[in-house]
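Biologist: Could you walk me through this protein before I start on my own notes? I would like to understand how the parts fit together.

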Amino acid sequence: MDELKEENKKLKEMVDFKSDLISMMAHQLRTSLSASKWVLKMFMDGDLGNINEEQKVFVKKTYENNEKMICLVSEMIDINKENNTEIIYNKSPHDITEIVDEVIGEFMGEAKQRKVTIHFTKPSETIIECDPEKIHTAMQGLLENSIKYNKENGDVFVEIEKDEHEVTISVKDTGIGIHEEDKVHIFDKFFRSIRAKKKESVGSGLGLYAVKTIVEKHSGKIWFESKEDFGSTFFISLPIYRS
């Protein structure tokens, strides 16, 4: 009987691990596909210069296939709603400023389409020990939300500040903000507020949960300040790398 319980426990741990791994990878994939979507839309609308009719046909087909992939990935996330165990983190020294700058570049197309302006205040080289792909994913989650839940002609302010012990990254938006009753649940897995669902019907509720998980695996902290209808500011603090 004890052996059967132990085998069941191991099986559940394996299933949980696979489930969470798929969910986080799918969420990251959907974020990248969404960023590509807005760049393709800019080509279709002529925002990046004129293209001929043949080029328009190919861009339109690519846009439509991209949309199908976003829907497919969303379905993958929806059917993967189980808890899980650890994901491997491969850490080494990296410049957090470069990572954040790269993520912002990925979202410039979407920001322009949604009429949101991104402002980036950055220091000189700031080295932290991290898994760059995971930190990239965390920053994607924060930037995506700051644009998606913003208002037309809104702003996003990204700042990196550091002292001798840690680096603090803040992402401030001028969007819908967070209802007081929702604040306690904001990092819960699969949680989406009613206001968020009204603003954007598609969403998994995994974004901020994944961000928090990644930050904590880097011995960091995450918190936020928000007032309904007056925007939100999310903060991440991570230890400075010491050689």
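Modeller: What follows is a talk about the overall layout, the sheet, the core and some aromatic rings, and please keep in mind that this is a predicted model.

Biologist: Okay, how many helices and strands are there in the protein?

Modeller: The protein has six helices and seven strands, and along the sequence they come in the pattern α-α-β-α-β-β-α-β-β-α-α-β-β. The protein has 243 residues, of which 45% count as buried.

Biologist: Which strands form the open sheet, and in what order?

Modeller: Five strands make up this open sheet, ordered β2-β4-β5-β7-β6, and their pairing is mixed. At the edges are β2, covering 117-121, and β6, each of which pairs on one side only. From one strand to the next, the twist averages 15°.

Biologist: And how do β4 and β5 run, parallel or antiparallel?

Modeller: Those two strands run antiparallel and are joined by seven bridges. If you want a place to look, find Glu161, which stands opposite Thr168 in β5.

Biologist: Which strands does α3 lie across?

Modeller: Helix α3 lies across β2, β4 and β5, and its direction is at about 170° to that of β2. Helix α4 lies across β2, β4, β5 and β7, and it runs at about 25° to β5.

Biologist: Switching to the inside, which residues have the most contacts in the largest nonpolar core?

Modeller: Those are Met139 and Leu143, in a core of 37 residues. Several elements each supply at least two residues of this core, among them α3 (96-113), α4 (132-148), β4 (155-162) and β5 (166-173). Helix α3 gives the most, with seven residues.

Biologist: Why would such residues gather like that?

Modeller: As a general tendency, nonpolar side chains in soluble globular proteins tend to be buried together.

Biologist: What does Met139 touch, leaving out residues up to four places away in sequence?

Modeller: With those left out, Met139 touches Val100, Val103, Ile169, Val171 and Ile236.

Biologist: New topic: how many aromatic pairs are found in the whole structure?

Modeller: A search of the whole structure finds four aromatic pairs. In one of them, Phe187 and Phe224 have ring centres 5.8 Å apart and planes at 70°, so this pair is edge-to-face. Phe187 lies in the loop between β5 and α5 (194-199) while Phe224 lies in strand β6, so the pair ties together parts that are 37 residues apart in sequence. Phe187 and Phe224 also form one aromatic cluster with Phe234.

Biologist: Is Phe187 buried or exposed, and why?

Modeller: Phe187 counts as buried because its relative accessibility is 15%, and the cut-off for buried is under 20%. Phe224 is buried as well.

Biologist: What else does Phe187 touch, again leaving out residues up to four places away in sequence?

Modeller: Besides Phe224 and Phe234, Phe187 touches Leu208, Tyr209, Lys212 and Ile222. The C-alpha atoms of Phe187 and Gly207 are separated by 8.5 Å, although these residues are 20 apart along the chain.

Biologist: Last one: which ring does the charged end of Lys227 sit over?

Modeller: The charged end of Lys227 sits over the ring of Phe230, at 5.1 Å from its centre. Elsewhere, Lys134 lies over the face of Tyr89, 5.1 Å from the ring centre.

Key. Residues are numbered from 1 along each chain as its sequence is written. This is a predicted model: local features need pLDDT of at least 70, side-chain atom pairs count only at pLDDT 80 or more; totals for chains, interfaces and linings use all residues. Side-chain values use heavy atoms; hydrogens and water are left out. A nonpolar core is a set of buried Ala, Val, Leu, Ile, Met, Phe, Trp, Tyr and Cys residues joined through side-chain atoms within 4.5 Å. Buried means under 20% relative accessible area, exposed over 50%, partly exposed in between (1.4 Å probe, protein chains only). Helices (H or I, at least four residues) and strands (E, at least two) are DSSP runs, numbered from the N terminus. Contact means heavy atoms within 4.5 Å. Two strands pair if DSSP finds at least two bridges between them. Axes are lines fitted to C-alpha atoms, for helices over the stretch in contact, and angles run from 0 to 180 degrees between N-to-C directions. Rings of Phe, Tyr and Trp (its six-membered ring) pair if their centres lie within 6.5 Å; planes under 30 degrees apart count as stacked, over 60 as edge-to-face and the rest as tilted. A charge sits over a ring if NZ of Lys or CZ of Arg is within 6 Å of the ring centre and within 35 degrees of the ring normal.
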